[in-house]
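Biologist: I'd like a close look at one part of this protein, with the aromatic rings and the helices around them as the focus. Could you walk me through it in one go?

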Amino acid sequence: MRRFRMRTFVLIAAVCVLLIALFVVVGPWVRGWGRDFGRASELLGVAQSNSEDLVLHLSSADPDIVMTALSVLKDRQDPAGKDKARELLNNDNEYIWLNAALYLGAVGDEQAAPYLIKALTHAAWRVHEEAADYLRTLTGQDFGADYAAWALSLIHISEPTRPLYISYAVFCLK
């Protein structure tokens, strides 16, 4: 009977030690889920915003909020954020200017063309075809996802009345 109690005690102690170890190792990870769910809720709230709020989100210091707002505006093809998105084309964050270019391409803004060409070399290779589609729509030309051909086309299609394209052609060729 005593052996049974001793074995039971040892087994219970071992289970307790394992549970404590599991809590110490896994606890911070599980607590992180709460932060992740909170973050997901925040971004979901941005995605469900109306046009006015989405435009306000474009001024956020949080790049995830800005990119989510740009993505939602793009999906809705809502031109409400065009002015702010044009400013974001010069953002230092490569994913913010990329999303701004894709949004402007989706709403048919010609100022996005040079940045859409630049997007063809972006590390986010999954957007290359999307950028090429917007370029086809904006220019009426089709060079696929060929960066060099598109960059040279900016010089070719430029007219003296369109100095913006000439300067951006030089920008893309750098």
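Modeller: Here is a walk from the whole chain down to one helix, its rings and its surroundings.

Keep in mind that this is a predicted model. The chain has 9 helices and 0 strands, so the pattern along the sequence reads α-α-α-α-α-α-α-α-α. Of its 174 residues, 36% count as buried. If you take contacts between residues at least 6 apart in sequence, 44% of them join residues at least 24 apart. The accessible surface comes to about 10,900 Å², and 61% of that belongs to carbon and sulfur atoms.

Now for the part to zoom in on, helix H5. H5 has 13 residues and runs 18 Å from its first C-alpha to its last, close to the 18 Å expected at 1.5 Å a residue. Is H5 mostly covered or mostly exposed? Mostly covered: 11 of its 13 residues are buried. The buried ones are Ile96, Trp97, Leu98, Asn99, Ala100, Ala101, Leu102, Tyr103, Leu104, Gly105 and Ala106. And what does the covering? The cover over those buried residues includes helix H3 (63-76), helix H4 (82-88), H6 and H7.

Let's stay with Trp97 for a bit. A search of the whole structure turns up 2 aromatic pairs. One of them joins Trp97 and Tyr115, with 6.4 Å centre to centre and 55° between the planes, and that makes a tilted pair. Trp97 sits in helix H5 (residues 94-106) and Tyr115 in helix H6 (residues 113-119), so the pair ties together parts that are 18 residues apart in sequence. Both partners are tucked away: Trp97 counts as buried because its relative accessibility is 5%, under the 20% cut-off, and Tyr115 counts as buried at 4%. Trp97 has another neighbour too, as Lys118 lies over the face of its ring, at 4.4 Å from the ring centre.

The other pair found is Phe143 with Trp150, and here the geometry is edge-to-face: 5.0 Å centre to centre and 90° between the planes. Burial differs between these two partners: Trp150 is buried at 0% relative accessibility, while Phe143 is partly exposed at 33%.

Back to the cover of H5, where H7 is one of the helices involved. H7 (residues 128-139) has 12 residues, which should span 16 Å at 1.5 Å a residue, and its end C-alpha atoms are indeed 16 Å apart. His128, Ala131, Ala132, Tyr134, Leu135 and Leu138 are its buried residues. Looking down the axis of H7, you'd see them fall within an arc of 160°, so they line one face of the helix. That fits a general point: an α-helix has 3.6 residues a turn, so residues three or four places apart point the same way. Just after H7, Gly140 takes a positive phi of about 75°.

One last stop is Gly45, which belongs to helix H1 (residues 2-47). Gly45 is partly exposed, at 36% relative accessibility. Gly45 and Ile65 are 20 residues apart in sequence, and their C-alpha atoms are 9.8 Å apart in space.

Key. Residues are numbered from 1 along each chain as its sequence is written. This is a predicted model: local features need pLDDT of at least 70, side-chain atom pairs count only at pLDDT 80 or more; totals for chains, interfaces and linings use all residues. Side-chain values use heavy atoms; hydrogens and water are left out. Rings of Phe, Tyr and Trp (its six-membered ring) pair if their centres lie within 6.5 Å; planes under 30 degrees apart count as stacked, over 60 as edge-to-face and the rest as tilted. Helices (H or I, at least four residues) and strands (E, at least two) are DSSP runs, numbered from the N terminus. Buried means under 20% relative accessible area, exposed over 50%, partly exposed in between (1.4 Å probe, protein chains only). A charge sits over a ring if NZ of Lys or CZ of Arg is within 6 Å of the ring centre and within 35 degrees of the ring normal. The expected span of a helix is 1.5 Å times one less than its number of residues. The arc is that of the directions from the helix axis to the C-beta atoms. Contact means heavy atoms within 4.5 Å. Accessible areas come from the Shrake-Rupley method with a 1.4 Å probe; for residues, only the protein chains shown count as cover.
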